[in-house]
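Got your viewer open? Let's take a walk through this protein, one selection at a time.

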Amino acid sequence: MNIAKQIKGLIQEADIYSSQGLYVEAKGKYEDAAGLFQKSKQLENSDNLLSVILQKISALGQKIKSLDGTGANHEISIKAQNLIKQLFSFSSEEHEEAAKLEGAIALAKFGQFERALKDFFELLRHDTVRVVAAKNILRCHVALSSLDAAVAQFQKWLTSDSFNSAELKKIRLFLQDMIDKKEVNITLPEIRGEDKGSNQLQEKDDPANVLDISSIGIIFDSGPRKGSIVEYDVSFQSGNMISLIISSKEKEWVDSLSIDHKLEDVQYYSPIAMFNGSGLVSSKTEIKSGPKRGDYCLDIKILSM
């Protein structure tokens, strides 16, 4: 994308966030825009525009500081949640369910798990996204550090007629992989029955025809940890975009990553195999509410694997 359009988009998002009282999110977008300005000195009037943005960042910083001092409520309002869904639903109107799925994933990435779960459950009624929605319901439970809740939910689906056997096999494979990655001694029951409709499922399951990625390994390409690898569970996935929840303890590393930073050496783990590839840092957001408050959501676009 043209860098001027990227900056314009970031400023528009920041203005909307600010108008809705989401000052931390607005400040983050302005800071991303300022970073792009500083990398692109050739833009016309870049110094003047950068000065204006820095003033807005400073003003928002003061506003955030004053709100923290009053112990203001950091929970995001329903209105703000709706705004997040609107901003991060990119699919066109004719793909209504896909847009709703993107919005629900965005809510989860902002730590709004209760509302995200409600939206994912509503999407189970739609054949085109039901399996993806089910996987994200399980991801929400795991993100809330409740693997038992994810297993219990799967057990409920086993005794209901919500999914056919082919769909249940997909969901079981996905959850069992998450359980195994956490080295928990749980074996889910095998799913019996014909895989009727499995070919259609392969197409419906993932609109982008991208494998489920359960975790990734990132090999540091610079700094004192060069050559070492760090592994993260994938919290959410939409097509070739994966989201990681990074602990606040790793703030220094997250800060070192700039938007559009290319990760040259990435290991992608799926339930069936491991793939070597590369990725691109798409966005990073500090979670400001909910049980993951203070942690970071890092979005990585899969470039190759």
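Before you click on any helices, here is how their angles work: axes are lines fitted to C-alpha atoms, for helices over the stretch in contact, and angles run from 0 to 180 degrees between N-to-C directions. Helices (H or I, at least four residues) and strands (E, at least two) are DSSP runs, numbered from the N terminus.

You are looking at a predicted model, where local features need pLDDT of at least 70 and side-chain atom pairs count only at pLDDT 80 or more, while totals for chains, interfaces and linings use all residues. Residues are numbered from 1 along each chain as its sequence is written, and side-chain values use heavy atoms, with hydrogens and water left out.

**Stop 1: the whole protein**

Show everything as a cartoon. The protein has 11 helices and 7 strands. Of its 305 residues, 44% are buried; buried means under 20% relative accessible area, exposed means over 50%, and partly exposed is in between (1.4 Å probe, protein chains only). Switch on the surface: the accessible area is about 16,000 Å², and 49% of that belongs to carbon and sulfur atoms. Such areas come from the Shrake-Rupley method with a 1.4 Å probe, and for residues only the protein chains shown count as cover.

**Stop 2: helix 6 and helix 7**

Select 113-123 for helix 6 and 130-143 for helix 7. These two helices pack with their axes 8 Å apart, at an angle of about 155°. That makes helix 6 roughly antiparallel to helix 7 (under 35 degrees counts as roughly parallel, over 145 as roughly antiparallel, 65 to 115 as roughly perpendicular and the rest as oblique). Helix 6 passes helix 7 in a left-handed crossing, which is the name used if the near helix is turned anticlockwise from the far one by less than a right angle; clockwise would be right-handed. To see the contact (heavy atoms within 4.5 Å), show side chains including Phe113, Leu117 and Phe120 of helix 6, and Ala133, Ile137 and Cys140 of helix 7.

**Stop 3: add helix 5**

Now add 96-109, which is helix 5. The axes of helix 5 and helix 7 come within 11 Å and cross at roughly 5°. That makes helix 5 roughly parallel to helix 7. Leu101, Ile105 and Ala108 of helix 5 meet Val132, Ala133, Asn136 and Cys140 of helix 7.

**Stop 4: helix 8 and helix 9**

Move on to 147-158 and 165-181, helix 8 and helix 9. Their axes come within 11 Å and cross at roughly 160°. Helix 8 and helix 9 are therefore roughly antiparallel to each other, and their crossing is left-handed. Among the residues in contact are Val151, Phe154 and Trp157 of helix 8 and Leu168, Ile171 and Leu175 of helix 9.

**Stop 5: the nonpolar cores**

Keep those five helices on screen. Which residues have the most contacts inside the largest nonpolar core? Select Phe120, Leu138, Cys140, Trp157, Ile171 and Leu175; the core has 36 residues. A nonpolar core is a set of buried Ala, Val, Leu, Ile, Met, Phe, Trp, Tyr and Cys residues joined through side-chain atoms within 4.5 Å. Helices 5, 6, 7, 8 and 9 each supply at least two residues of this core, and helix 7 gives the most, with 9 residues. Zoom in on Cys140: not counting residues up to four places away in sequence, it touches Ala108, Phe113, Ala116, Leu117, Phe120 and Phe236. Apart from this core lies another, of 21 residues, among them Trp253, Val254, Leu257 and Tyr268.

**Stop 6: Leu298**

Select Leu298 in strand 7 (residues 296-304). Is Leu298 buried or exposed? Leu298 is buried, with a relative accessible area of 1%. Leaving aside neighbours within four places in sequence, its contacts include Ile242, Leu244, Trp253, Leu257 and Val281. The C-alpha atoms of Leu298 and Ile245 are 6.4 Å apart, although these residues are 53 apart along the chain.

**Stop 7: some loop residues**

Head for the loop between helix 9 and helix 10 (198-205) and pick Arg192. At 72% relative accessibility, Arg192 counts as exposed. Arg192 and Ser165 are 27 residues apart in sequence, with 6.8 Å from C-alpha to C-alpha.

Glu183 is in the loop between helix 9 and helix 10 too, and is exposed at 74% relative accessible area. Most residues other than glycine have a negative phi. The phi of Glu183, though, is near 55°, a positive value.

Last pick: Asp260, in the loop between helix 11 (251-256) and strand 5 (262-269). Its phi is positive as well, near 75°, and Asp260 is partly exposed, with a relative accessible area of 35%.
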